[in-house]
Amino acid sequence: MSEHEATADGGQPTVVDGDSAGGDMVRQLAERTEDLQRVTAEYANYRRRVDRDRQLVVDQAAERFATQLFPIVDDIERARDHGDLTGAFKVVADRVLGLLDGLGVEAFGKAGDPFDPALHEAVMHDTSADVQVPTATTVLRQGFRRGDRVLRTAMVAVTDPETPVVAASADGATDGTVPAQPGEGPASD
């Protein structure tokens, strides 16, 4: 007997329709394959989400720890400015600063940097002919960032130019005033 034949109760071989049985098997195989692919894709997405969430938790913990060290770093910088950073205190200070380096935290904010409100907190303001753009002239407290994320802004004194540079606008006004509309005369007080 062949695969496509079966014995009926009369002992006579009967031919089973191979197309319907084979088609049913192919359909079931396709369904199972789709199910397996779907489950595999769901699992891969789940793993990516878990890995992303795990990295986010690690980053948040590192940033929270670094933020708690900032007041200590401020004290270390003040001691360095006064010449008191010597001996065993210097060793401890180097270790604390090494912790920040290990976390990927970098300090920013130097005198002479152009003022950027996203990076600097202006607490004093002055004008001078020595600068052409708003400039952080005195750094009162360093800022810190980790990668692209600012953890603490730098506290600075800002110096603006005495005569601000005015860029020409699209309507031709260069002095910062709004151009008069046609038919309007100079405004009277």
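**Exercise 1. Exposure and a local ion pair**

Classify Arg 52 as buried or exposed from its relative accessibility.

*Solution.* Step 1: Arg 52 has a relative accessibility of 52%. Step 2: the classes are buried under 20% relative accessible area, exposed over 50%, and partly exposed in between (1.4 Å probe, protein chains only). Step 3: Arg 52 therefore counts as exposed.

The model is predicted, and local features need pLDDT of at least 70, side-chain atom pairs count only at pLDDT 80 or more, while totals for chains, interfaces and linings use all residues. Residues are numbered from 1 along each chain as its sequence is written, and side-chain values use heavy atoms, with hydrogens and water left out.

Step 4: the side chain of Arg 52 meets that of Asp 53 in a salt bridge, at 3.9 Å from N to O. A salt bridge here is a side-chain nitrogen of Lys or Arg within 4 Å of a carboxyl oxygen of Asp or Glu. Asp 53 is partly exposed, because its relative accessible area is 40%.

**Exercise 2. Salt bridges between helix 1 and strand 7**

Identify which salt bridges Arg 146 forms with Asp 59 and with Glu 63, and state what they link.

*Solution.* Step 1: in the salt bridge of Asp 59 with Arg 146, the closest N and O atoms are 3.3 Å apart. This pair links distant parts of the chain, since Asp 59 lies in helix 1 and Arg 146 in strand 7, 87 residues apart. Helices (H or I, at least four residues) and strands (E, at least two) are DSSP runs, numbered from the N terminus. Step 2: the side chains of Arg 146 and Glu 63 also meet in a salt bridge, at 3.9 Å from N to O. Glu 63 belongs to helix 1 and Arg 146 to strand 7, so this pair ties together parts that are 83 residues apart in sequence. Step 3: with regard to exposure, Glu 63 counts as buried at 11% relative accessibility, and Asp 59 is partly exposed at a relative accessible area of 22%. Step 4: the whole structure contains 15 salt bridges.

**Exercise 3. The nonpolar core**

Determine which elements give two or more residues to the largest nonpolar core.

*Solution.* Step 1: a nonpolar core is a set of buried Ala, Val, Leu, Ile, Met, Phe, Trp, Tyr and Cys residues joined through side-chain atoms within 4.5 Å. Step 2: the largest such core has twelve residues, including Ala 66, Phe 70, Val 73, Val 96, Leu 100, Phe 144 and Leu 151. Step 3: the elements that give two or more residues to this core are helix 1 (18–81) and helix 2 (87–102). The largest share, five residues, comes from helix 1. Step 4: Val 73, in helix 1, is buried at 1% relative accessibility. Neighbours within four places in sequence aside, Val 73 is in contact (heavy atoms within 4.5 Å) with Val 96, Leu 97, Leu 100 and Phe 144. Step 5: under the same exclusion, the contacts of Leu 151 include Glu 63, Ala 66, Phe 70 and Phe 144. Apart from this core lies another, of six residues, among them Leu 119, Ala 136, Ala 154 and Val 156.

**Exercise 4. Sheet and hairpin**

Establish the strand order of the four-stranded sheet and describe the hairpin of strand 7 and strand 8.

*Solution.* Step 1: the chain has two helices and nine strands. Step 2: two strands pair if DSSP finds at least two bridges between them. Four strands form an open sheet in the order 4-6-9-5, with mixed pairing. Its edge strands are strand 4 (113–114) and strand 5 (120–128), each of which pairs on one side only. Step 3: strand 5 and strand 9 (residues 154–161) run parallel and are joined by eight bridges. Within strand 9, Ala 154 stands opposite His 120. Step 4: strand 7 (residues 143–146) and strand 8 (residues 149–152) run antiparallel, with three bridges. Arg 145 has Val 150 of strand 8 as its bridge partner. Two residues lie between the strands of this hairpin, where Gly 147 takes a positive phi near 70°.

**Exercise 5. A loop residue**

Locate Ala 129 and state how far its C-alpha atom lies from that of Thr 163.

*Solution.* Step 1: Ala 129 is in the loop between strand 5 and strand 6 (135–141). Step 2: Ala 129 is exposed, its relative accessible area being 52%. Step 3: the C-alpha atoms of Ala 129 and Thr 163 are separated by 7.5 Å, although the two residues are 34 apart along the chain.
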